[in-house]
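Please examine the sequence and the structure shown below before reading on. The paragraphs that follow lead through selected parts of the chain, step by step.

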Amino acid sequence: MAQERTLPKVEDYSPITSAEGLLLYEDMMLGRLFEDKCAEMYYRGKMFGFVHLYNGQEAVSTGVIKALRIGEDFVSSTYRDHVHALSAGVPAREVMAELFGKATGCSKGRGGSMHMFSQEHNLLGGYAFVAEGIPVATGSAFQSKYRREALGDESSDQVTVCFFGDGACNNGQFFECLNMAALWKLPVIYVVENNKWAIGMAHERATSQPEIYKKASVFGMAGVEVDGMDVMAVRTVAQEAIARARAGEGPTLIEALTYRFRGHSLADPDELRSKEEKEFWLTRDPIKNMASYLTENHLATPEELKAIESKIQEVINDAVEFAQASPEPDPSELHRYVFAED
């Protein structure tokens, strides 16, 4: 197993109430159980194409997105986008229906697993090509700043969060967009979900500087490293970055050190990663760790956490029933949603 980086420790978490802690736990549990159900449906032949699951990385999605103004700020995702969509407020029914290719899906059945989109929730899309969402997110941040400073819209203080993996940090879009964002002090937060593997390429073998957050210094922007398996730590650094962006102080590059518990996709036999590496990271399960944090700090009881799990399971079962009962897209609407409509 490659030598593990020492995970940074956040000494002082942002204060949290019992209600806030339960909300974070519920969102992570929703992501985990939703993805488990996706695996079941895929292997039962209910889903087709490539399906990339998020198991293990829930603390990043929850910690960042739940620190935003849901429905006002913008989120740009990747091809591993189901859980980002859920955290951004897209109903589980719409996400599941999209995975089934149904007309009731958030992308009307056109997007499938890798192209979740919701105008209503300011979800800018999932993107199949590596680093494809970085220019989109940078443009989103530019329009917020332009509306505020050039058009005089004082209400335009939205922040854009852009998620991507460690493999994207070797692509040209990464460098070009970070340069522009720093020059123009755009209200954007670039979140690198460094899960150590770009499909089958180990991160340490693919880059001359494995510590991605240090690349921010080249552009004169803030760069932060965080334990991506600790939702409280992610939440704390996200809140700081969001406040900085909203105050007009420019972008932040957050490198969240995390790990995916499943293969690259459900078609991946996952034979390249060692058993020892996987077992090492499984001990850092963000949901189990959050449960311990909540109970040890008397913010929740084991019974409350169990009730949340049962509640979420019902939501997911309902989402599957909804998706199965939903209609297929009408062939007569094949050419809809290609161009903007009045």
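Residue T236 belongs to helix α8, which runs over residues 231-246. The model is a predicted one, and the values discussed here are computed from it. Is T236 buried or exposed? Its relative accessible area is 4%. Because a residue counts as buried when this value is under 20%, T236 is classed as buried.

The surroundings of T236 include residues from elsewhere in the chain. When its neighbours within four places in sequence are set aside, T236 is in contact with V10, D12, Y13 and S14. A further relation concerns A67: this residue and T236 are 169 residues apart along the chain, yet their C-alpha atoms are separated by 8.7 Å.

A second element to locate is helix α4, formed by residues 92-99. Why is α4 described as largely enclosed by the rest of the structure? The description applies because six of its eight residues are buried. These buried residues are A92, V95, M96, A97, E98 and L99. They pack against three other helices, namely α1 (18-43), α3 (82-87) and α11 (302-325). After α4 comes G101, which has a positive phi, near 70°.

Finally, the chain may be viewed through its annotation. According to an unreviewed UniProt entry, residues 27-331 are covered by the annotation "domain: Dehydrogenase E1 component". Within this span, 43% is helix and 10% is strand. The C-alpha atoms at the two ends of residues 27-331 lie 36 Å apart.

Technical notes: Residues are numbered from 1 along each chain as its sequence is written. This is a predicted model: local features need pLDDT of at least 70, side-chain atom pairs count only at pLDDT 80 or more; totals for chains, interfaces and linings use all residues. Side-chain values use heavy atoms; hydrogens and water are left out. UniProt positions are given in the numbering used here, feature names are shortened, and annotations may be inferred rather than shown by experiment. Helices (H or I, at least four residues) and strands (E, at least two) are DSSP runs, numbered from the N terminus. Buried means under 20% relative accessible area, exposed over 50%, partly exposed in between (1.4 Å probe, protein chains only). Contact means heavy atoms within 4.5 Å.
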